[in-house]
Amino acid sequence: HNSKLLTYLRMYAEQFRLKDHIRFQRKITQIEPADDYDRTGAWMVSSVNAISHDDQKIERYEKVMLATGHHAHPRSPTFSGLDRFKGR
């Protein structure tokens with residue numbers, strides 16, 4: 001159930017020791033193939049601190065996974081008559 005999703009993700013990350021490989025509170029500013037991408041498949045990832053917007057880093061990674069955080073902020077539709085909707 002979706003109410004258990006966060007607990008599941010935390011347990012999964014702990015079980016597989018993923019937290020050591022996650023950069024929290026970072027805003028990605030650029031992702032591009034490394035100079036030797038054709039040979040290595042590596043990526044260069046530029047980021048800054050998401051809160052202070054300083055501490056710019058460029059790090060090299062063999063793989064990149066984007067986790068956009070779409071569960072962090074609920075999105076609900078808006079339309080005329082929604083305030084009167086009673087269900088079904």
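Let me begin with a term we will need: two strands are said to pair if DSSP finds at least two bridges between them. With that in hand, we can look at β2 and β3, which run antiparallel and are joined by five bridges. One of the positions to find on your screen is Ser 46, whose bridge partner in β3 is Ile 58. Please keep in mind throughout that what we are looking at is a predicted model.

Now let us step back to the whole chain. It has two helices and three strands, and if you follow it from the N terminus, the elements come in the order α-β-α-β-β. The three strands make up an open sheet, in which they are arranged as β1-β2-β3 with antiparallel pairing. Because β1 and β3 each have a single partner strand, they stand at the edges, and one side of each is left without a neighbour in the sheet. From one strand to the next, the twist averages 25 degrees.

As for the surface, the chain, with its 88 residues, has 10% of them buried. About 8,600 Å² is exposed, and 53% of that is supplied by carbon and sulfur atoms.

Which residue might we study in strand β1? I have chosen Arg 26, which lies in that strand. Is Arg 26 buried or exposed? Its relative accessible area is 18%, and since buried means under 20%, Arg 26 counts as buried. The side chain of Arg 26 makes a polar contact, at 3.0 Å, with the side chain of Ser 47. If we set aside the neighbours within four places in sequence, the residues in contact with Arg 26 include Ser 47, Val 48, Asn 49 and also Asp 55.

That last name brings me to the backbone. Most residues other than glycine have a negative phi. Asp 55, however, has a positive phi, near 60 degrees, although it is a residue other than glycine. Where does Asp 55 lie? You will find Asp 55 in the loop between β2, residues 43–49, and β3, residues 57–61. With a relative accessible area of 41%, Asp 55 is partly exposed.

There is another such case to look at, namely Arg 17, which is not a glycine and yet has a positive phi of about 50 degrees. Arg 17 is found in the loop between α1, residues 5–15, and β1, residues 26–33. Its relative accessibility is 65%, so Arg 17 counts as exposed, the cut-off for that word being over 50%.

Methods:
Residues numbered from 1 in each chain as written. Predicted model: local features only at pLDDT ≥ 70, side-chain atom pairs only at ≥ 80, totals over all residues. Heavy atoms only, no water. Helix = DSSP H or I, 4+ residues; strand = E, 2+ residues; numbered from the N terminus. Buried < 20%, exposed > 50% of the residue type's maximum accessible area, 1.4 Å probe, protein only. Axes fitted to C-alpha atoms, helices over the stretch in contact; angles between N-to-C directions. Polar contact = N/O pair within 3.5 Å; in protein donor to acceptor, adjacent residues only side chain to side chain. Contact = heavy atoms within 4.5 Å. Areas by Shrake-Rupley, 256 points an atom, 1.4 Å probe, with all protein chains shown as cover.
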